[in-house]
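The report that follows describes one protein model, moving from a single residue to the strands and then to the charged side chains. Please keep the sequence and the structure in view while reading.

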Amino acid sequence: MTTHQWTVQETFYFPAEYGAFTEATECKVTPGFTEERTEDAILLQGIYHIAANVVFDEDKPVVESVDERLVIEDVEVQNGKGYFEYAVPLHVDLPPEHDGVLELHVKDVVATAEDGGVCLKWTVHLQEVKTQEEVIAAEPVVEEKVILESTSHMEFLANADRAVENVQSEKEDFLLYIATLDDDVTRKIFHSNNVFVETES
């Protein structure tokens, strides 16, 4: 996951009819954007949505400036306390090597009084999150190996050899037993040179 960050600030002023601005509380900045990818760059376009509670001192006179300022006309004010929302344009150019899913997170929103208005300053964190397919592709491929316990395997072979030897021994004992019989009928039926052959299936 790749992370980059930058700082954005904007100063807002309010109509004199609300009184003198004193402080801002519960300021929240939420980024919203779309991305456009080309061979040379990635362009993020959208807005930073701002929502904040502000406090005015109705008894303190406000000196209006002739300078060009960003004045928030639409403020819900009651008993010296107000609430406003505003959208600040978002334009970010990124290098083309960011190939993951891009996310923007705002942290550290700071509001300070400045020349009769409020200066909002916030830090934007860009996170490049790898997709699940990329994560799977990046993971090392582990070959599954069948591990045979040598002890069990050797024991199996030894048992098989012993079984074959026991069969051979039993056949030999049987032939020797037949050979020791004295009656002519048994000797004629079971010859000592008989060979047992297993038929192939």
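In this predicted model, Trp122 has a relative accessibility of 0% and therefore counts as buried, the cut-off for that class being under 20% relative accessible area. Trp122 belongs to strand E7, which spans residues 117-129. Its C-alpha atom lies 7.8 Å from that of Val29, although Trp122 and Val29 are 93 residues apart in sequence. In the protein of 201 residues, buried residues make up 24%.

**Order of the elements and pairing of the strands**

The protein contains seven strands and three helices, and, read from the N terminus, its elements follow the order β-β-β-β-β-β-β-α-α-α.

Strand E2, residues 20-37, runs antiparallel to E3 and is joined to E3 by 15 bridges. The two strands form a hairpin in which four residues lie between E2 and E3, and within this pairing Glu35 has Leu44 of E3 as its bridge partner. Strand E3, residues 42-57, also pairs with strand E5, residues 81-94, again in the antiparallel sense and over 14 bridges; here Ala51 has Glu85 of E5 as its bridge partner.

Strand E4, residues 76-78, is antiparallel to E5 and is connected to E5 by three bridges, with Val77 standing opposite Gly82 of E5. E4 and E5 form a hairpin with two residues between the strands, and in this hairpin Asn79 adopts a positive phi near 55°. As a general background to such pairings, the side chains of a regular strand alternate between the two faces of the sheet.

**Salt bridges and a negative patch**

How many salt bridges does the structure hold? There are two salt bridges, and they are set out below with the distance between their closest N and O atoms.

| Acidic residue | Basic residue | Closest N and O atoms |
|---|---|---|
| Glu35 | Arg37 | 2.6 Å |
| Asp115 | Arg69 | 2.6 Å |

Why does the salt bridge of Asp115 with Arg69 tie together parts that are apart in sequence? Asp115 is in the loop between strand E6 (101-114) and E7, whereas Arg69 is in the loop between E3 and E4, so this pair links parts that are 46 residues apart in sequence. Asp115 has a relative accessibility of 58% and counts as exposed, because the cut-off for that class is over 50%; Arg69, with a relative accessible area of 26%, is partly exposed.

In the salt bridge between Glu35 and Arg37, Glu35 is partly exposed at a relative accessible area of 34%, and Arg37 is likewise partly exposed, at 39%. Glu35 thus appears both in this salt bridge and as the bridge partner of Leu44 in E3.

A negative surface patch is formed by Glu17, Glu73, Asp74, Glu76 and Glu85. Among these residues, Glu76 is located in strand E4 and counts as exposed, with a relative accessibility of 57%. Glu85, another member of the patch, is the residue of E5 that serves as the bridge partner of Ala51.

Definitions and conventions. Residues are numbered from 1 along each chain as its sequence is written. This is a predicted model: local features need pLDDT of at least 70, side-chain atom pairs count only at pLDDT 80 or more; totals for chains, interfaces and linings use all residues. Side-chain values use heavy atoms; hydrogens and water are left out. Two strands pair if DSSP finds at least two bridges between them. Patches are made of residues with over 30% relative accessible area and no salt bridge: like charges are joined within 9 Å, nonpolar side chains (Val, Leu, Ile, Met, Phe, Trp, Tyr) within 5 Å. Accessible areas come from the Shrake-Rupley method with a 1.4 Å probe; for residues, only the protein chains shown count as cover. A salt bridge is a side-chain nitrogen of Lys or Arg within 4 Å of a carboxyl oxygen of Asp or Glu. Lys and Arg count as positive and Asp and Glu as negative; His and the chain ends are not counted. The place of a charge is taken as NZ of Lys, CZ of Arg, CG of Asp or CD of Glu. Buried means under 20% relative accessible area, exposed over 50%, partly exposed in between (1.4 Å probe, protein chains only).
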